[in-house]
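Biologist: Please take a close look at one part of this model, the surroundings of a single acidic side chain, and then follow the chain outwards from there. I should like each term explained where it first appears.

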Amino acid sequence: MKKEIRAIEFSVDSLFKELDSLAEKGVTEVFVHDVSLSKNKAELLRLLSAVEKLDFPLFVSLLTDACALDRELCARASELSCSLEVPLLCQQKGDALLFDRHLYAKKAALLNQAGAVFGFDMDWASQPGDRAKLFRERLDFAVDQYPNHINFRQLEDRSVQKGTAVFSSRDMELCRDIAFACQTFYSEGRAVAWFKSVLESLRIKPSSFFADFAEWQRCNNCSIENDFNPYETPHGEIEKMQLVFLEQKYEEKNRSSLFEAVRDLIVLNGAFSRLVAEGEESVLHLSYSPDDLLSPSACDIASFCDSVPMEDSEVKVYNAGDCPDYRIL
């Protein structure tokens, strides 16, 4: 059954008053994207504390300005079922459009160290001076920070935006397609656990990878122009797309010898993600031991394939009580 999603305007104070009644209304997810609240650390902490006291499960997506993030807020977020959505903002300095790499890298490190779920909110051509090259640089930087997902609000408008003096219509289309490819492959594909390892073994930047995947989507009738909807596509189907594309990519780069390990890494992590998100247990046929695939050595895929022996195994991914686990059958 498709989940019902409704957008309702409310004040922050009314949200606190309504929290306890959400269970009666069948609400399981709340998206709180208030710009003023996003900059107020004390109010963000108050909201997280209120959610923690509820006697029913509630997922909260919380818009959070980077300047509000500190160790305390990151730690609190990591203890709850929530995601912090951090806008990746740029500032105009003279004729240049810049973003504070040091600030965002520092805040992302705090989030990752705490184990909090977070994503970046990004856009393109929304400020004077923006260019396709700058958008790609921001996207490359964003992926390097290991966000769980990256959101692009402009994708809600399926039409191609009009060009500007420095941002052509073709650039608009290219950025839109790259963003949609990122949304499909990375965010809905739940790729954060293994994506950087794949990029390094392919020796390619994230934006170039997504540009190639966008072309693959066009050729396979699953692009934004084909009205493909990654949000309503089961993760297992997106995983199949990832594997087909990556097998072609490794062959193109003359690195096919690495693909078996890449495949195992993706299907094992994918099985764990579906177990947590959908409660789906899996039986996998792997070419490497799951112990090796889940070890730090798998971060360097080329070195992993050189030093770790193949070991055919059948593995069950299942819930051991409330804890995801696996066993070799």
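Modeller: Aspartate 177 is buried, with a relative accessible area of 6%; buried means under 20%, exposed over 50% and partly exposed in between, using a 1.4 Å probe on the protein chains only. The model is a predicted one, in which local features need pLDDT of at least 70 and side-chain atom pairs count only at pLDDT 80 or more, whereas totals for chains, interfaces and linings use all residues. Residues are numbered from 1 along each chain as its sequence is written, and side-chain values use heavy atoms, with hydrogens and water left out.

The partner of aspartate 177 is arginine 218: the two form a salt bridge whose closest N and O atoms are 2.8 Å apart. The term requires a side-chain nitrogen of Lys or Arg within 4 Å of a carboxyl oxygen of Asp or Glu. This pair links distant parts of the chain, since aspartate 177 belongs to helix H7 and arginine 218 to helix H9, 41 residues apart. Helices (H or I, at least four residues) and strands (E, at least two) are DSSP runs, numbered from the N terminus. Unlike its buried partner, arginine 218 is partly exposed, at a relative accessible area of 29%.

Arginine 218 also forms a salt bridge with glutamate 215, and here the closest N and O atoms are 2.5 Å apart. These two residues are three apart in helix H9, which means that about one helical turn separates them. Glutamate 215 is partly exposed, with 39% relative accessibility. Both pairs are part of a network of salt bridges that links Arg176, Asp177, Glu215, Arg218 and Glu225. In the whole structure the count comes to 23 salt bridges.

An enclosed space is found at this site as well. Rolling a probe the size of a water molecule over the atoms shows where empty space is left. On a 1 Å grid over the protein atoms alone, a cavity is a set of points where a 1.4 Å probe fits but cannot get out; a pocket is an open set with protein on both sides within 12 Å along at least five of seven lines; and lining residues have an atom within 4 Å of a point. Grid points are joined across faces, edges and corners, and a volume is the space filled by probe spheres set on the points. There are three cavities of 30 Å³ or more, and the largest holds about 50 Å³. Its lining consists of Arg176, Asp177, Phe180, Ala214, Gln217, Arg218, Ser223, Ile224 and Glu225. Helices H7 (169-187) and H9 are the elements that give two or more residues to this lining. By class, the lining has four charged, three nonpolar and two polar residues; Ala, Val, Leu, Ile, Met, Phe, Trp, Tyr, Cys and Pro count as nonpolar, Asp, Glu, Lys and Arg as charged, and the others, Gly among them, as polar.

Beyond H9 (206-219), the loop that leads to helix H10 (235-252) contains asparagine 221. Its phi is near 55°, a positive value in a residue other than glycine, and asparagine 221 is exposed at 57% relative accessible area. The loop between H10 and helix H11 (259-278) holds asparagine 254. Asparagine 254 likewise is not a glycine, yet has a positive phi of about 60°; it is exposed, with a relative accessible area of 73%.

Further along, lysine 316 and glutamate 281 meet in a salt bridge (3.8 Å, N to O). Lysine 316 lies in strand S9 (313-320) and glutamate 281 in the loop between H11 and strand S8 (282-286), so the pair ties together parts 35 residues apart in sequence. Both are partly exposed, lysine 316 at 23% relative accessible area and glutamate 281 at 42%.

Strand S9 belongs to an open sheet of three strands in the order S8-S9-S10, with antiparallel pairing. S8 and S10 (323-328) stand at the edges with a single partner strand each, so one side of each is left without a neighbour in the sheet. Two strands pair if DSSP finds at least two bridges between them; S9 and S10 pair in the antiparallel sense over six bridges. Within this pairing, tyrosine 326 in S10 is the bridge partner of valine 317.
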